[in-house]
Amino acid sequence: MNYLPHTDEERKFMMDFIGIQSEEELFSSIPENLKDFQMDLPRPLSEIELVAELKRVAAKNRTVDDRACFLGAGAYRHFIPSALEAIISRAEFYTCYTPYQPEISQGTLQSIFEFQTAICELTGMDVANASMYDGATAVAEAALMAMRITGCSRIVASKALHPEYLSVVKTYLRGPEVELRESHLADGAEDLEAIEELMDGETAAFVVQVPNFFGIVDDLTEISKAVKKRGGLLIVCTDLISLAILKPPAEYGADICVGDGQPAGNALSFGGPHVGFLAVKEEYLRQMPGRIVGETLDSRGNRAFVLTLQAREQHIRRERATSNICSNQALNALTVTVYLSLLGRKGLRTVAEYCLQKAHFLAEKVTEVPGFKLTFEKPFFREFALTCPIKGSEVNRLLLKRGIVGGFELARFFPDLDKELLLCATELTTREDIEKLVSAIKEVKEAGLP
């Protein structure tokens, strides 16, 4: 293969250097039965036959479009306008690379700039970056950022933060050996007294999620005051859809606001890719990870865009970089931008109101069935925890038999909540879906829960 650059002499030199006689010795640790593995492949197919076979296999799948679905827990099914797919599939967006040359990348730079602007408008923060990989990495990068700003090496995180986000934060903080403390909860919400006890002069920030993993909406006004009083920063992980009706994090004192943009136009796609956002107060601008697109004027006085800040290790000395975030989720960020543009302020608020109203209607109906009750008596937005008379996994199994995708089994992350399900409703959840769920629960209940 002429694209392999090494000559025979160079290969011999490398083998002599590491003390082997042949290239086969490089693979001596692989068992022989694996080396002799033969793939039992079917006969070749024509294109017509192949398409027919793939359709036959694909028909076995059952998606959330085929069944009533009440699963959320960080990945949400929302309506995606047809125009969105048409726009983001355009070649100039779909195939573009990092806009290193601003003079010929104005379209890409403007789309990123509009994303940053939308994030700032929703969160109330001063400046946003050009996106992160997902909500989890955004939270982790925010924690590192808080430590750079404060000079402290301790983080306090809410126990109601998405457990997978918390896991990523722990991974990020393991290298620099940062102490991570988890706060206690009171009825699924934040416990102010517990936070005051955990925060001290050595704590960089308190990380909280609103709505939290259980769907609960906390009033963080007093918590924000307590965190600031102890010299820490407030990192708020939030949901873009909810911000159409909830108070922007900046209004109750958030220093850094992060989250996942998946609900805003990005499909479920078996869990990815997602896109994270990160917005901060202007005073912390130079500590932000990733990159920022700025607006300026060209030599003719026309509106133009440039990469204003690129504080990553590829551009400055490694030890001075704020992050190793390189390729961001630009296409997914564009999806968020187009989604928000198509819906507008009124449309986004309508979606948020539907989520709120349908989730509460769902809660009202399922708790009418004896033995089922709300786990927490707190305000919630799009999802809520439901306590069942039997294990949540068993309820889900029985619902699936009836063509219903049930809620998220909280026992996966909280072993003591093995009878609890996290149920979700969005604007796509119909009254028929809810009635079908309630009917199935009643049917199982009357038959005698196993």
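Here is a quick briefing on the fold, the aromatic contacts, the nonpolar patch and the charge pairs of this protein.

The model is a predicted one. It has 450 residues, and 46% of them count as buried. The secondary structure comes to 13 helices and 17 strands. A whole-structure search turns up 10 aromatic pairs, and the salt bridge count is 26.

**Overall picture**

- Taken along the principal axes, the C-alpha atoms fill a box of roughly 80 × 65 × 50 Å.
- If you look at contacts between residues at least 6 apart in sequence, 70% of them join residues at least 24 apart.
- The protein exposes about 23,600 Å², with carbon and sulfur atoms supplying 53% of that area.

**Aromatic cluster**

- The search gives 10 aromatic pairs in the whole structure; one of them is phenylalanine 214 with phenylalanine 414, a tilted pair at 5.3 Å centre to centre with 45 degrees between the planes.
- That pair ties together distant parts of the chain, 200 residues apart. Phenylalanine 214 comes from the loop between strand E7 (205-210) and helix H10 (221-229), while phenylalanine 414 comes from the loop between strand E16 (408-409) and strand E17 (420-424).
- The pair counts as tilted because its 45 degrees is neither under 30 degrees, which would be stacked, nor over 60, which would be edge-to-face.
- Both partners are tucked away: phenylalanine 214 is buried at a relative accessible area of 3%, and phenylalanine 414 is buried at 11%.
- The two rings belong to one aromatic cluster made of Phe213, Phe214, Phe376, Phe408, Phe413 and Phe414.

**Phenylalanine 413, a cluster member in a loop**

- Phenylalanine 413 sits in the loop between E16 and E17.
- With a relative accessibility of 24%, phenylalanine 413 counts as partly exposed, because the buried class requires a value under 20%.
- Leaving out residues up to four places away in sequence, phenylalanine 413 touches Pro163, Glu164, Phe213 and Phe408.
- Phenylalanine 413 and histidine 162 are 251 residues apart in sequence, yet their C-alpha atoms are 9.5 Å apart in space.

**Charges over rings**

- Arginine 382 has its charged end over the ring of tyrosine 76, 3.7 Å from the ring centre.
- Lysine 358 does likewise with tyrosine 354, its charged end sitting over the ring at 5.3 Å from the centre.

**Nonpolar surface patch**

- Phe13, Met14, Phe17, Ile18, Leu26, Phe27, Ile30 and Leu34 make a nonpolar surface patch of about 890 Å².
- The biggest contributor to this patch is helix H1 (residues 8-18), with 4 residues.
- One of the patch residues, phenylalanine 17, is found in helix H1 and counts as exposed at 68% relative accessibility.

**Salt bridges**

- Helix H1 also takes part in a charge pair: arginine 11, in helix H1, forms a salt bridge with glutamate 23, the closest N and O atoms being 3.8 Å apart.
- Glutamate 23 lies in the loop between H1 and helix H2 (32-35), 12 residues from arginine 11.
- Both ends of this bridge are partly exposed, arginine 11 at a relative accessible area of 28% and glutamate 23 at 41%.
- In helix H10, glutamate 222 and lysine 225 are 3 residues apart, which means about one helical turn separates them. Their side chains meet in a salt bridge at 3.6 Å, N to O.
- Glutamate 222 is partly exposed at 45% relative accessible area, whereas lysine 225 is exposed at 52%.
- Helix H12 (residues 392-401) holds glutamate 394 and arginine 397, also 3 residues apart and about one turn of the helix. The closest N and O atoms of their salt bridge are 2.2 Å apart.
- Glutamate 394 counts as partly exposed at 21% relative accessibility, and arginine 397 is partly exposed too, at 37%.
- Elsewhere, salt bridges with shared partners join Arg154, Glu179, Arg181 and Asp200 into one network.

How values were computed:
Residues are numbered from 1 along each chain as its sequence is written. Side-chain values use heavy atoms; hydrogens and water are left out. Rings of Phe, Tyr and Trp (its six-membered ring) pair if their centres lie within 6.5 Å; planes under 30 degrees apart count as stacked, over 60 as edge-to-face and the rest as tilted. Helices (H or I, at least four residues) and strands (E, at least two) are DSSP runs, numbered from the N terminus. Buried means under 20% relative accessible area, exposed over 50%, partly exposed in between (1.4 Å probe, protein chains only). A charge sits over a ring if NZ of Lys or CZ of Arg is within 6 Å of the ring centre and within 35 degrees of the ring normal. Contact means heavy atoms within 4.5 Å. Patches are made of residues with over 30% relative accessible area and no salt bridge: like charges are joined within 9 Å, nonpolar side chains (Val, Leu, Ile, Met, Phe, Trp, Tyr) within 5 Å. Accessible areas come from the Shrake-Rupley method with a 1.4 Å probe; for residues, only the protein chains shown count as cover. A salt bridge is a side-chain nitrogen of Lys or Arg within 4 Å of a carboxyl oxygen of Asp or Glu.
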